[in-house]
Each structure stands twice: as structure tokens, then as C-alpha cells.
Amino acid sequence: MSWFESLILGLVQGLTEFLPVSSSAHLRLTAAFSGWHDPGAAFTAITQIGTEAAVLIYFRKDIGRIVTAWFRSLFDKAARKEHDAQMGWLVIVGSIPIGVLGVTLKDQIEGPFRDLRVTATMLVVVGIVIGIADRLAARDETGGRHRAPKQRKTLENLGVKDGLIFGLCQACALIPGVSRSGATISGGLFMGYKREAAARYSFLLAIPAVLASGLFELKDAMGSDHVAWGPTMFATVIAFASGYAVIAWFMKFISTKSFMPFVWYRVVLGIVIIGLVVAGALSPHAAESAG
């Protein structure tokens, strides 16, 4: 991998990680359209450490409160009733599905799931799902001629059942093209949560899963001669900087705007990819990186 490739791929990772468009799909597609080797699942996982560092800094106050309250709840029964302590436990509960499926499906994640036909299909299908969830949320928020606006849930309403459902939605993002934020936020909207609440829990829920995945891949890569460490670390730093800018913008965007621009983008991109693959202009299979 060249330094130029790492710059572009780092930017792509940072710019798309928090948007409902699938960062893993865009890394795969950027390489395919540019004629580069597929950066691979390991590169994706390691550079995601950079974007999660951006989450840690952006939500540092929330995370500090949650971690402190959670530790206090281990020894103080009364503290377990605090919302922040409960959020700590709910993040753990919501992380179980992706942890189990990530280990179970590791070979599929690094192999068959990276087929561009799978990626394109997921872009279209999940795009439609996000669109439906967005319309339902908008209907509740604005009401109608014969119906008053409906109050949507906040994170104070989050329980174990909903936490697990959020977690299952997040686990779907193991397939490139799904989008971690797209799956979890739309799942939250279907369950009746406010846009900002769904997004906030989505980002908090991603922290243990992404950091664990990145560190796991980092450990495995330590003994490998096939990792271009300089470019990979450079891409991780670029992903951090661009990711921080995007998360700040996105949190403001979702409070007032519709997800439909992302929906149309996903559907059009997926259809274009399927067309290129069918026409033979684009290979569905990844070119293996030699480092």
C-alpha cells in the first residue's frame, strides 16, 4: 500500500464511518474503482480505532459519567438505579451479539462477505430500510391532518430488550454495505426512539465492539509480514481527524434533517455497482493485498 492510497483510504474511513452509508463498503469500493488491492478486513478494523478515538473525545463527558457510575454500581446497589450506571450495563449487553457473531463469522467476514455483489445488495436493501424508518420517525414527529405528533422515546426509556435489539442491528454491520450507524439508528427509529437518542446510543455501543475488533486485528497483524505499518498508521490518524469533523456535523444534522439523501445515495450506488459487475466492468472479488 502506498502513502497516497493510505491517505485516500483514511479519509474515506473517517468521512463514512459515522454516516449511514457503510465505511467498509466504501473502503472496498474505493480500492476496486481505483484498481488498488482490497485493503482487507484487518486494515478496516485497525483504521476504525482512529474513528473510535474521535468518538471517545467527542463524547468524553458522557463516557466519563457512564464509566464512573458503572464502576460505582459494582459496589453500591443504590447506584445501580442511576441512568448512567444503567447505560454502562446496556452498552455491555448490546455488545454481546456483535462479539459472538464477529468471532463465529470471522472467515465469512474476511472472505465471502467482501464480494461486491453482497455489498451492493446490502447498500440497496438497507438503504430502503433506513428510508422506511426515517419516514415513520418523520410521521411521528410532525403528526398529520388528523393526528397529533407522537412523543418518541429517549435513552431514559432504554431497557435490556431494546439494548439487545440495538446490538443485533449493530451486528448486521459485519457485512460490508450494511453500515453500523445506519443499521442501529434505523433499528432505534423502528423501536420509537428519537433520532438523536438512537444515534448517541449507536455511537456509544460501537466503542467496545470496534476497539476490541481493532485491537484483535492489531494483535494478529503484529506477527505478519504483510502489513504496511507506516501507511496503515497514517491512515488511522487521517481517519481520526476526518471522523471527528464528521461526527460533530452529523449529530447536528440528524436533529433536524431527513436521512433520505443518504437513502437515495445508497440505492443509486448499489444499482450502479450491480450494473458494472453484471457488465463485467468490475470484478466482484477482492484483489488480495500483498501489503
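**Figure 1. The cavity found in a search of the whole structure.** In this predicted model, a search of the whole structure turns up one cavity of 30 Å³ or more. About 40 Å³ of space lies inside the largest cavity. Its lining is made of E17, F18, E52, R180, S181, S202, F203 and A206. If you sort these lining residues by type, you get three nonpolar, two polar and three charged. Helices α9 and α10 (195-222) each give at least two residues to the lining of the largest cavity, and α10 has the largest share, with three residues.

**Figure 2. E52, a lining residue of the largest cavity, shown in helix α3.** Here we stay with one of the lining residues, E52. E52 sits in helix α3 and has a relative accessible area of 1%, so E52 is buried. Its partner in this view is Y244: the two residues are 192 apart in sequence, while their C-alpha atoms lie 9.0 Å apart in space. Y244 will turn up again in the aromatic cluster.

**Figure 3. A45 in helix α3 and its partner E217.** Helix α3 spans residues 40-58, and A45 is found in it. The relative accessibility of A45 is 4%, which means that A45 counts as buried. Along the chain, A45 and E217 are 172 residues apart, yet their C-alpha atoms are separated by 6.7 Å.

**Figure 4. Helix α9 and what follows it.** How many of the residues of α9 are buried? The count is 10 of 11, so this helix is mostly covered. The buried residues in α9 are R180, S181, G182, A183, T184, I185, S186, G187, G188 and L189. Two of these names, R180 and S181, also belong to the lining of the largest cavity. After α9 comes G192, with a positive phi near 95 degrees.

**Figure 5. Two serines with positive phi, S22 and S179.** Most residues other than glycine have a negative phi. S22 is not a glycine, but its phi is positive, at about 80 degrees. The loop that holds S22 runs between α1 (3-16) and α2 (23-34). With a relative accessibility of 3%, S22 counts as buried. S179 is not a glycine either, and its phi is positive at about 90 degrees. This serine, S179, is placed in the loop between α8 (160-171) and α9 (180-190). S179 counts as buried too, at 3% relative accessibility.

**Figure 6. The aromatic cluster and the stacked pair F250 and F253.** Ring pairs join F18, Y58, F59, F203, Y244, W249, F250, F253, F259 and F262 into a cluster. With ring centres within 6.5 Å as the rule for a pair, the count comes to 18 aromatic pairs. Why is the pair of F250 and F253 stacked? The ring centres of F250 and F253 are 6.5 Å apart and the planes meet at 15 degrees, so the pair is stacked; planes under 30 degrees apart count as stacked. F250 and F253 are three residues apart in helix α11 (residues 229-253), so about one helical turn separates them. An α-helix has 3.6 residues a turn, so residues three or four places apart point the same way. Both F250 and F253 are buried. Two members of this cluster, F18 and F203, are also found in the lining of the largest cavity.

**Figure 7. G230 in helix α11 and its partner D38.** G230 lies in helix α11. Its relative accessibility is 32%, so G230 counts as partly exposed. From C-alpha to C-alpha, G230 and D38 are 17 Å apart in space, and they are 192 residues apart in sequence.

**Figure 8. Helix α5 and its kink at I96.** Helix α5 covers residues 83-104, which is 22 residues. From first C-alpha to last, α5 reaches 32 Å, close to the 32 Å expected at 1.5 Å a residue. Where does α5 kink? The kink, about 30 degrees, lies at I96, shortly before the proline P97. The buried residues in α5 include P97 itself, along with D84, A85, M87, G88, L90, V91, V93, G94, S95 and I98.

Notes
Residues are numbered from 1 along each chain as its sequence is written. This is a predicted model: local features need pLDDT of at least 70, side-chain atom pairs count only at pLDDT 80 or more; totals for chains, interfaces and linings use all residues. Side-chain values use heavy atoms; hydrogens and water are left out. Rings of Phe, Tyr and Trp (its six-membered ring) pair if their centres lie within 6.5 Å; planes under 30 degrees apart count as stacked, over 60 as edge-to-face and the rest as tilted. Helices (H or I, at least four residues) and strands (E, at least two) are DSSP runs, numbered from the N terminus. Buried means under 20% relative accessible area, exposed over 50%, partly exposed in between (1.4 Å probe, protein chains only). On a 1 Å grid over the protein atoms alone, a cavity is a set of points where a 1.4 Å probe fits but cannot get out, and a pocket is an open set with protein on both sides within 12 Å along at least five of seven lines; lining residues have an atom within 4 Å of a point. Grid points are joined across faces, edges and corners, and a volume is the space filled by probe spheres set on the points. Ala, Val, Leu, Ile, Met, Phe, Trp, Tyr, Cys and Pro count as nonpolar, Asp, Glu, Lys and Arg as charged, and the others, Gly among them, as polar. The expected span of a helix is 1.5 Å times one less than its number of residues. The bend at a residue is the angle between axes fitted to the seven residues ending there and the seven starting there.
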